[in-house]
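This briefing addresses a buried acidic residue, a hairpin and the nonpolar cores. Please consult the sequence and the coordinates alongside the notes that follow.

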Amino acid sequence: MTAALLIGLLACAPPAEAPYDPSWTLVWSDEFDGPAGSPPSDVWVPDIGAGGWGNEQLEYNTDDPDNASLDGAGHLAITARREARDGAEYTSARLTTAGRYTHGPGRFEAVMQLPAGTGLWPAFWMLGEDYPTVGWPNCGEIDILELRGEEPDTANVAIHGPGYSGGGSLSGSLTLTEGTFADGFHTFAVDIDPDHLTFWVDDRRVRTVRPGDLPGGAPWVFDESWFLLLNLAVGGTYLAEPDDTTPFPATVLVDAVRVYERETP
């Protein structure tokens with residue numbers, strides 16, 4: 001990342017944070033403090049490799065600091081680069097807490113500044129901790145934030161499960177009335193309660209999903225514990241491929257990831 005780009009990305013300070021519901025209590029967070037160039041805390045494990053990741057993505061995900069490291073200003077920087085690696089045209093990073101941190105129903109949020117550009121696909125999402133044994137989509141997937149870089153003003157959310165995965169997922173979106181998600185930091189969150197999930201962008205509700213919204217007979221698989229993922233994909237079936245206008249390197253800045261539990265009377 002060039003110094004000029006980094007200065008531009010840091011110019012917009014993250015918003016003040018508070019749970020939307022005062023009954024939520026913070027139980028875990030990563031604020032990404034540390035020296036520039038250092039790796040994030042060891043709760044985040046890099047998924048390494050290429051092969052499309054099930055979506056025909058074009059990047060090779062590495063464990064290199066050039067693709068994922070702290071920026072020294074309280075952020076995690078995940079950077080996609082136009083550089084060849086093992087047959088892929090691009091490198092980037094995909095970080096997961098699988099095997100290191102999971103949590104059951106609660107509130108999960110990330111404060112992020114996202115890149116704009118055709119073919120860029122930043123995401124904050126979760127998979128059920130039983131993924132290694134039951135596979136996808138039986139484990140459930142919660143997409144708290146996905147952005148198509150060619151639509152930088154629109155945040156997308158979705159849930160996937162058995163009988164409602166891929167193109168049949170239950171989804172929603174929120175489009176900013178002005179500006180894009182590249183202009184500053186925004187908070188992307190999901191509240192998981194026993195009988196519903198509610199997605200938020202900043203203080204605006206995007207969608208609430210209940211068991212009755214699922215296709216007939218489809219099981220509700222959102223009462224378990226979840227591990228978290230942060231990544232910046234390049235290309236794939238969800239969006240267009242990068243073109244000559246796509247800026248590289250392209251960076252997602254993550255100011256914080258936080259998990260809350262609801263207080264009980």
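Beyond its neighbours within four places in sequence, E59 contacts G49, A50, W53, A88, Y90, T91, S92, A233 and V234 (contact: heavy atoms within 4.5 Å). The model is predicted: local features need pLDDT of at least 70, side-chain atom pairs count only at pLDDT 80 or more, and totals for chains, interfaces and linings use all residues. Residues are numbered from 1 along each chain as its sequence is written, and side-chain values use heavy atoms, with hydrogens and water left out.

**Surroundings of E59**
- E59 belongs to strand β3, residues 59–61 (strands are DSSP runs of E, at least two residues, numbered from the N terminus).
- E59 is buried (under 20% relative accessible area, 1.4 Å probe, protein chains only) but lacks a salt bridge (a side-chain nitrogen of Lys or Arg within 4 Å of a carboxyl oxygen of Asp or Glu); R94, the nearest side chain of opposite charge, lies 6.5 Å away.
- The side chain of E59 makes a polar contact of 2.7 Å with that of Q57 and one of 3.2 Å with that of N61 (N or O atoms within 3.5 Å, one able to donate a hydrogen and the other to accept it; residues adjacent in sequence count only if both atoms are side-chain atoms).

**Hairpin**
- Strands β14 (residues 196–201) and β15 (residues 204–209) pair antiparallel over five bridges (pairing requires at least two DSSP bridges).
- T198 has T208 in β15 as its bridge partner.
- Two residues separate β14 from β15 in this hairpin, and D202 in the turn has a positive phi of about 55°.

**Nonpolar cores**
- The largest nonpolar core has 55 residues, with I142 and V257 having the most contacts inside it (buried Ala, Val, Leu, Ile, Met, Phe, Trp, Tyr and Cys joined through side-chain atoms within 4.5 Å).
- A second, separate core of six residues includes A123, L127, C139 and L229.

Definitions and conventions:
Helices (H or I, at least four residues) and strands (E, at least two) are DSSP runs, numbered from the N terminus. Buried means under 20% relative accessible area, exposed over 50%, partly exposed in between (1.4 Å probe, protein chains only). Lys and Arg count as positive and Asp and Glu as negative; His and the chain ends are not counted.
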